[in-house]
Amino acid sequence: MEPEVLELESFLPYRLYRLADTVSREFSRVYKERHGLTRPEWRTLSGLGQRGTMTATELGEQSAMHKTKVSRAVAELERRRWLTRAPDENDRRLEHLTLTKAGLAAYREMVPLAKAFERELLARLGVEERAAIADGLAALEASLTPGNSRVKARSS
C-alpha cells in the first residue's frame, strides 16, 4: 500500500492562502504606487482609518498580523507623521494609536481606490459566482469562529 500523498494544488487551506496572497499582492500595487506603503503599513492605516483609535494589540488581532509587523508599521507611520501614540491613563504598557490629519487624508484618498479594486476584481465573475463566493466565505468564517463545533463534528 502506497503512502497517502497530499496534493497541495487541491488542498483547500493552501488554495485559500494562495488566492488571498495573490489578491493582496495585486492590491498592494495600488497603495505602494500611491504612497510607498508596505502591506503591514496599509493594514495599520486602514485599521485606524476604519476604527479611529486602537492599541497595537487590537491592530494585530484585527489584521491578523504578528506584533513585530504591527510595531514596525506603527513606527513607520509615526515617522511619516501619519499617526500619534497616546499612553493609556490606567495602563502605561498600552498606547492608543490614532491617525493624524495627514494620515486620515491618506486613508480617505485610498478608500475609493480600494473599493474600485474590489469592484474590478468582482467584475471578473458572474452574479452567481459572486454570490457563491460571498456565501461560501461567510459559511467558512462562521464555521471557524471560536465555540462553533461544525468543523470538529465533521472531521470526527
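**Notebook: turns and charged pairs**

I started with Arg81, which I found in the loop between α4 and β2. I kept in mind that I am reading a predicted model. Arg81 is not a glycine, yet its phi is positive, about 65°. I noted why that caught my eye: most residues other than glycine have a negative phi. Next I looked up its surroundings: Arg81 is exposed, with a relative accessible area of 64%.

Which other residue did I note with a positive phi although it is not a glycine? Ala64 has one, of about 55°. I located Ala64 in the loop between α3 (56-63) and α4. Ala64 also counts as exposed, at 71% relative accessibility.

**Salt bridges**

How many salt bridges does the structure hold? I have 9 down in my notes, and I looked up some of them.

My entry on helix α1: the side chains of Arg25 and Asp21 meet in a salt bridge, 2.8 Å from N to O. Why can they pair up along the helix? Arg25 and Asp21 are 4 residues apart in helix α1 (residues 12-35), so about one helical turn separates them. I then checked how open each partner is. Arg25 is partly exposed, with a relative accessible area of 48%, whereas Asp21 is buried at 18%. I used the cut-off here: buried means under 20% relative accessible area.

My entry on helix α4: Arg79 forms a salt bridge with Glu76, and their closest N and O atoms are 2.7 Å apart. These two are 3 residues apart in helix α4 (residues 67-79), so they too are separated by about one helical turn. Arg79 is exposed, with a relative accessible area of 56%, while Glu76 is buried at 17%.

My entry on the strands: Glu95 and Arg85 meet through their side chains in a salt bridge of 3.0 Å, N to O. Where do the two partners sit? Glu95 is in strand β3 (residues 95-99) and Arg85 is in strand β2 (residues 83-87). They are 10 residues apart, and the pair links distant parts of the chain. I found Glu95 partly exposed, with a relative accessible area of 32%, and Arg85 partly exposed as well, at 34%.

Last, I went looking for shared partners. Asp21, Arg25 and Arg39 are joined into one network by salt bridges that share partners. I was pleased to meet Asp21 and Arg25 again, the pair from helix α1.

Conventions: Residues are numbered from 1 along each chain as its sequence is written. This is a predicted model: local features need pLDDT of at least 70, side-chain atom pairs count only at pLDDT 80 or more; totals for chains, interfaces and linings use all residues. Side-chain values use heavy atoms; hydrogens and water are left out. A salt bridge is a side-chain nitrogen of Lys or Arg within 4 Å of a carboxyl oxygen of Asp or Glu. Buried means under 20% relative accessible area, exposed over 50%, partly exposed in between (1.4 Å probe, protein chains only).
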